[in-house]
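Visitor: Please choose one part of this model and look at it closely with me, taking in what lies beside it and how it fits into the rest.

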Amino acid sequence: MLILALETSTELGSCALWRDGEIAERICPLGRSHSETLLPLVRELLTDAGLKLAQLDAIAFGAGPGAFTGLRVACAAAQGLAVAADLPVIPVSSLETMAAAVGAERVLALLDARMGEVYAGCYQLDDGKYSLLGDIRVSPPAELVFPVGAGWLACGNGPEAYPLLQQGLDDAGISVRRGIMPQAAILARLAAKRAERGEWISAADAAPLYVRNKVAKTVAERLSEGGRA
C-alpha cells in the first residue's frame, strides 16, 4: 500500500509517504507559505523513494478544521495530484489525527481556532479505530462543554492559547498532553487503515471541513469580522 499524506491545517505543515507500514515524512519550513513549500517537498519525498505519482494507491489530506488558507492548500494539492494520476483521495480530520497521535482511549482534541475560539472534538478508541463522539465544535473557551466520565486526556494548542481553557480543564480533572498538533505521518497511518477498508472518495468530492458557528464562512466574512483568511 502506497499513500501520500498532506497536512497543512496549521502553521506546522507536513507531507508523508506510507509504504507498507514504513513512513517517510517532510516538514514544511516555518515562515513560508504552505502553497510555496508543500509540492516541492512532495516531489522530494517521491524522488527519494524512487516512486512516481501514478504508483500510489491514494492521496490523503488533512480536511480540517484548521486555518482556512491551509485547509485549501492541502485539499487543492490532493485534488490536483489525484486527478493527474487518477487516484482516490482520503480526507481525515485534523482533530482525529491529533487524537491518534496521543493514542489514549479517550481524547479531547483542542485546536486554536483564533478569533478567541477553539475547535474541539471528543474521540474514543474502539477496536483500533477512533470514533468522534458528537460533533466537532467551535466556541469560546468559556462556553466549551467538557466530556463527562473518567479517563479523558486533552491535547492540542488550545489550552496554551487560552489560559481560561486550561483552568477549565484543571477544574474538570482532565490532563493535557502538550506538543500535539496535526502531523502528516499520523495522518498517513490513519489513511492506510481507511484504504484497507475501501474508505476513500473521488478527487471531485474532496472538500475542506470548515467549522465556524456550525456553518462555513467565506474568507470575506472572516475578514469583515476581524479574522484572518
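Guide: Let us begin with strands E6 and E7, which form a hairpin with two residues between them, and in that turn Met115 has a positive phi of about 55°. Strands are DSSP runs of E with at least two residues, numbered from the N terminus. Before going further, please keep in mind that this is a predicted model, in which local features need pLDDT of at least 70, side-chain atom pairs count only at pLDDT 80 or more, and totals for chains, interfaces and linings use all residues. Residues are numbered from 1 along each chain as its sequence is written, and side-chain values use heavy atoms, leaving out hydrogens and water.

The part I have chosen is E7, which covers residues 117-126. On one side its partner is E6, residues 106-114, which runs antiparallel to E7 and is joined to it by eight bridges; two strands count as paired if DSSP finds at least two bridges between them. To find a point along this pairing, look at Asp112, which stands opposite Val118 in E7.

E7 also pairs with E8, again in the antiparallel sense and over eight bridges. Here Asp126 stands opposite Lys129 in E8. These two strands, E7 and E8, likewise form a hairpin with two residues between them, and the turn holds Asp127, whose phi is positive at about 55°.

How enclosed is E7 by the rest of the structure? Seven of its ten residues are buried (under 20% relative accessible area, with a 1.4 Å probe and protein chains only), so E7 is largely enclosed by the rest of the structure.

E7 also has a place in the second largest pocket, an open set of 1 Å grid points with protein on both sides within 12 Å along at least five of seven lines. About 200 Å³ of space lies in this pocket, the volume being that filled by probe spheres set on the points. The pocket is lined by 13 residues, and those closest to its centre are Cys122, Asp135, Arg137, Leu144 and Val145. The elements that give two or more residues to this lining are E7 and E8, the latter spanning residues 129-139. Of these, E8 supplies the largest share of the lining, four residues. Sorted by class, the lining of this second largest pocket has eight nonpolar residues, two polar ones and three charged ones, where Asp, Glu, Lys and Arg count as charged.

Conventions:
On a 1 Å grid over the protein atoms alone, a cavity is a set of points where a 1.4 Å probe fits but cannot get out, and a pocket is an open set with protein on both sides within 12 Å along at least five of seven lines; lining residues have an atom within 4 Å of a point. Buried means under 20% relative accessible area, exposed over 50%, partly exposed in between (1.4 Å probe, protein chains only).
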